[in-house]
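Reader: I would like a close look at one part of this protein, the shell around the ligand. Please set it among the parts that surround it.

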Amino acid sequence: MSQPPQAAPHRVVVVGGGFGGLQAALKLAAMPVELTLVDRRNFHLFQPLAYQVATGALAAAEICFPLRRAFRGRGNVRVLLAEVVDVELDARRVRLRNVVSETALDPLPYDTLIVAGGAQYDYFGHDDWQRHAAELKSLEGALTVRRRILGAFEAAELERDPARQAAYLTFAVVGAGPTGVEMAGQIAEIARSLRPDMRAADPLRSRILLIEMGDRVLATFPPRLSAKAQRSLERLGVTSRLGESVIDVDAGSISVRRPDGATERIESETVVWAAGVVASPLARLLAERAGFGVERAGRLAVEADLSLPGHPEVLALGDMVSLRQPDGSVRALPGLAPVAMQQGRHAARVVADRLDGRPPRPFHYLDKGNLATIGRARAVADVKGVQLSGFLAWATWLIVHLWYLIGFENRLVVLVRWSFSFFGRGRGARLITQAPEPPGD
Ligand SMILES: Cc1cc2nc3c(=O)[nH]c(=O)nc-3n(C[C@H](O)[C@H](O)[C@H](O)COP(=O)(O)OP(=O)(O)OC[C@H]3O[C@@H](n4cnc5c(N)ncnc54)[C@H](O)[C@@H]3O)c2cc1C
């Protein structure tokens, strides 16, 4: 007797192996679907710890996890290293660009498409600043920041002109959100850890400037915690320059407009960009293909169940989307890993519901709180209205980050490194690995 023909498995394509895409893919991998995960990088990057790589506290591999390895033993999952360059909504195909060889790649068909392309730093329309003000959104960016910070200390050690030495020891961090605060605090910690190792330059004479347009640091935290964080930063030697906006960045300096309208040029060889972000270009691509525009910060407005309006077979999530509300308004959730992870898992549930013939459910964000670390044993936390600071907040930050780091080996290694840093101010990854940039570049 002949067997009835088997229905072809449902083909799901997930774009992006970041926080949202990886969670969706991990959940889908256990379902009866044929899953393809596409990312232009071959690893998942734990962005919340990128600043620790930028400051030599952790090595690059410790905050990354190879995507292929996450699906070892899952025969229904394919991982493709490629860049998504277009989506043909009517034909239900994704167009890919090969990022490792010249071979042309065939379009990738899907029954369900999940897009989680994340966001990128926004230089407020001044893309030329990027050359001089490195960012922390990519591993390469973090390694560039590390090279520049460590290189500046080395240059200061060699410099005989006091004004030049001061410029090398001036570090400007733009943006006082969690990343900027963490970065500024860590530069202060590096200066302390370098002091016994330097001879001609005194790292404790470093000027660390945290430049912020708003009127307080950590604006998404309650004002009391912002004030505490600012005091902690000051104790570490960081100067918060609030109400100042950046008007220019070039090789060797940053210019700001102060609250009184006056402008100031600050000689600084190291500028780190931790200011606004804009959604991945995939948001605009999907919006245009579906026949509408993007929202604030280039985000794509999706329905309550995360689907693309008019295309229930396409879901988008994470930093690149905002949510349509029942009253027609659009709400942007914060650009945080928990939002993307919860949405990733939700997208997988939407697929499961569809396969079982159930209607998709709306996404609800469960806000578990907000954490930011400032330096060694200093942090602030706002967990469901409970405001913590100091060691307790830092211990909470530490546990949460270890918990969410992907891979047991990474967790163990990071725990060991942090223990060494805590007890001995050790910085095992204090290496300048890339070729130094030519002076004045
Ligand atoms: C420096 C820094 C520190 C942060 N700290 C914190 C923190 O402490 N706590 C917190 O909750 N959040 C933090 N965040 C925010 C958090 O990292 C983001 O909210 C989260 O990464 C968003 O997840 P996502 O899946 O939307 O995007 P991402 O995690 O950015 O993933 C996007 C993925 O898509 C891939 N991709 C993009 N475009 C394409 C394409 N065309 N083709 C193929 N692949 C593509 C990328 O390679 C990437 O792997 C931080 C972010 C940064 C940059």
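Author: What follows starts at the ligand and works outward through the domains, the core and a few local details.

The model is a predicted one. Start with the ligand. It is surrounded by 33 residues. The closest are Gly16, Gly18, Gly20, Gly118 and Gly318. Several elements give two or more residues each to this shell. The helices are α1 (19-29), α2 (50-54), α6 (178-194) and α9 (337-355). The strands are β2 (33-39) and β5 (77-88). By residue type, the shell divides into 15 nonpolar, twelve polar and six charged.

Now the domains. The protein is divided into domain 1, residues 10-121 + 278-355, and domain 2, residues 127-275. Each of them gives at least three residues to the ligand shell. Their centres, taken over C-alpha atoms, are separated by 32 Å. Where the two touch, 14 residues come from domain 1 and 18 residues from domain 2. On the domain 1 side, α2 and β9 (119-121) each supply at least two residues. The largest share of that side is four residues, and α2 provides it. This side of domain 1 holds ten nonpolar residues, four polar and no charged. So much for the contact. Note that α2 plays in both settings: α2 gives two or more residues to the ligand shell, and α2 also supplies residues to the side of domain 1 that touches domain 2.

Next, the core. The largest nonpolar core has 140 residues. Those with the most contacts inside it are Val173, Val174, Leu300 and Ala316. This core also draws at least three residues from each of domain 1 and domain 2. Take Ala316 in detail. Leaving aside residues up to four places away in sequence, Ala316 touches Val115, Leu286, Leu300, Val302, Leu306, Leu308 and Val321.

One of those partners, Leu306, deserves a second look. Leu306 sits in the loop between β19 and β20 (307-308). Its phi is near 80 degrees, a positive value in a residue other than glycine. Most residues other than glycine have a negative phi. Is Leu306 buried or exposed? Leu306 counts as buried because it has 27 C-beta neighbours inside 10 Å, and the cut-off for buried is 20 or more.

Arg92 also has a positive phi, about 55 degrees, although it is not a glycine. Arg92 lies in the loop between β5 and β6 (93-98). Arg92 has 19 other C-beta atoms within 10 Å, so it is partly exposed.

Back to β19, for its sheet. An open sheet of three strands runs in the order β19-β22-β23, with mixed pairing. Its edge strands are β19 (300-302) and β23 (330-331), and each pairs on one side only. Strand β22 (residues 321-324) is joined to β23 by two bridges, and the two run antiparallel. Within this part, Arg324 stands opposite Val330 of β23.

Last, a hairpin. Strands β15 (residues 253-257) and β16 (residues 263-267) run antiparallel and are joined by five bridges. Ser255 has Arg265 in β16 as its bridge partner. Five residues lie between the two strands of this hairpin. In the turn, Gly261 has a positive phi of about 95 degrees.

Terms used: Residues are numbered from 1 along each chain as its sequence is written. This is a predicted model: local features need pLDDT of at least 70, side-chain atom pairs count only at pLDDT 80 or more; totals for chains, interfaces and linings use all residues. Two strands pair if DSSP finds at least two bridges between them. A residue is near a molecule or strand if its C-beta atom, placed from the backbone, lies within 6 Å of it. Ala, Val, Leu, Ile, Met, Phe, Trp, Tyr, Cys and Pro count as nonpolar, Asp, Glu, Lys and Arg as charged, and the others, Gly among them, as polar. Domain bounds come from an automatic or database domain assignment. A residue is buried if 20 or more other C-beta atoms lie within 10 Å of its own, exposed if 12 or fewer, and partly exposed in between; C-beta atoms are placed from the backbone. A nonpolar core is a set of buried Ala, Val, Leu, Ile, Met, Phe, Trp, Tyr and Cys residues joined through C-beta atoms within 7 Å. Two residues are in contact if their C-beta atoms, placed from the backbone, lie within 7 Å.
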